[in-house]
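Reader: I have a model to go through and some questions about its contacts and packing. Please keep the answers short.

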Amino acid sequence: MAKPGKSGIRRILDAYKYSKQGLKAGLKHEAALRQELVLAVPLTIIAFFVAASAAELALLVLMPWLTFCAEILNSAIEAVVDRIGDEYHELSGRAKDLGSACVLIMLTLTAFVWIVILGCRFGLWSF
């Protein structure tokens, strides 16, 4: 059964507004999100000068932005857990740790993709 509410273009416009509010709040309150943005923007620009193919360009651009998205989700998890209370609970700690692990994996994969592509581009190795 569908949730009652707005539909059509109104729903899309409201969803855009809520997404914009979330991004704005995240950038205001989350230092890690600002750091990921500071990483993603220059890497996106550099990608256009480094990539030797469309596939390389796609990987070089997508990876930092997927990391940024993982950081948004991690921040959302932390906000919900923090809203519940300050007392320690194993599941709350696990939820926060899992969100953090996701960001770590994405950062590692981003570094890996950039290192491999730059290594190939500058002749350190070839595949």
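Author: Contact means heavy atoms within 4.5 Å. The model is predicted.

Reader: Which residues does Ala 51 touch, not counting residues up to four places away in sequence?
Author: The cut-off for a contact is 4.5 Å between heavy atoms. With residues up to four places away in sequence not counted, Ala 51 touches Glu 56, Leu 57 and Leu 60.

Reader: Which residues does Glu 56 touch under that exclusion, not counting residues up to four places away in sequence?
Author: Glu 56 has its place in helix H3. Across 57 residues of sequence, Glu 56 and Val 113 are 9.0 Å apart in space, C-alpha to C-alpha. Not counting residues up to four places away in sequence, the residues that Glu 56 touches are Val 50, Ala 51 and Ile 117.

Reader: Which helix supplies the largest share of the largest nonpolar core?
Author: In soluble globular proteins, nonpolar side chains tend to be buried together. Here the largest nonpolar core has twelve residues, among them Leu 43, Ala 51, Leu 60, Val 113 and Trp 114. At least two residues of this core come from each of H2, helix H3 (54-84) and helix H4 (90-121). The largest share is five residues, and the helix that supplies them is H4.

Reader: What kind of aromatic pair do Trp 65 and Phe 68 form?
Author: The structure holds one aromatic pair. Both Trp 65 and Phe 68 lie in helix H3, three residues apart, or about one turn of the helix. Planes over 60 degrees apart count as edge-to-face. With 5.6 Å centre to centre and 75° between the planes, the pair of Trp 65 and Phe 68 is edge-to-face.

Reader: Is Phe 68 buried or exposed?
Author: Its partner Trp 65 has a relative accessible area of 28% and is therefore partly exposed. Buried means under 20% relative accessible area. Phe 68 is at 6% relative accessibility, so Phe 68 counts as buried.

Reader: How are H1 and H2 placed relative to each other, parallel or perpendicular?
Author: The two helices pack with their axes 5 Å apart, at an angle of about 100°. Angles of 65 to 115 degrees count as roughly perpendicular. H1 and H2 are therefore roughly perpendicular.

Reader: Which residues of H2 make the contact with H1?
Author: On the H1 side, the contact is made by Gly 26, Leu 27, Lys 28 and His 29. On the H2 side, the residues are Ala 31, Leu 33, Arg 34 and Leu 37.

Reader: What is the largest C-alpha distance between Glu 30 and Glu 78?
Author: An unreviewed UniProt entry places the feature "binding site" at Glu 30 and Glu 78. Glu 30 is in the loop between H1 and H2, while Glu 78 lies in helix H3. Leaving aside neighbours within four places in sequence, Glu 30 is in contact with Ser 75 and Glu 78, and Glu 78 with Glu 30 and Lys 96. The two positions are spread over 49 residues of sequence but cluster in space, with a largest C-alpha distance of 10.3 Å.

Reader: How far are the residues of the other "binding site" annotation, which includes Arg 11 and Gln 35, spread in space?
Author: The unreviewed UniProt entry gives this annotation to Arg 11, Ala 32, Leu 33, Arg 34, Gln 35, Glu 36, Glu 71 and Ser 100. Arg 11 is found in helix H1 (residues 8-29), and Gln 35 lies in helix H2 (residues 31-50). The annotated residues span 90 residues of sequence and are also spread in space, with C-alpha atoms up to 31.6 Å apart.

Methods: Residues are numbered from 1 along each chain as its sequence is written. This is a predicted model: local features need pLDDT of at least 70, side-chain atom pairs count only at pLDDT 80 or more; totals for chains, interfaces and linings use all residues. Side-chain values use heavy atoms; hydrogens and water are left out. UniProt positions are given in the numbering used here, feature names are shortened, and annotations may be inferred rather than shown by experiment. Helices (H or I, at least four residues) and strands (E, at least two) are DSSP runs, numbered from the N terminus. A nonpolar core is a set of buried Ala, Val, Leu, Ile, Met, Phe, Trp, Tyr and Cys residues joined through side-chain atoms within 4.5 Å. Buried means under 20% relative accessible area, exposed over 50%, partly exposed in between (1.4 Å probe, protein chains only). Rings of Phe, Tyr and Trp (its six-membered ring) pair if their centres lie within 6.5 Å; planes under 30 degrees apart count as stacked, over 60 as edge-to-face and the rest as tilted. Axes are lines fitted to C-alpha atoms, for helices over the stretch in contact, and angles run from 0 to 180 degrees between N-to-C directions. Angles under 35 degrees count as roughly parallel, over 145 as roughly antiparallel, 65 to 115 as roughly perpendicular and the rest as oblique.
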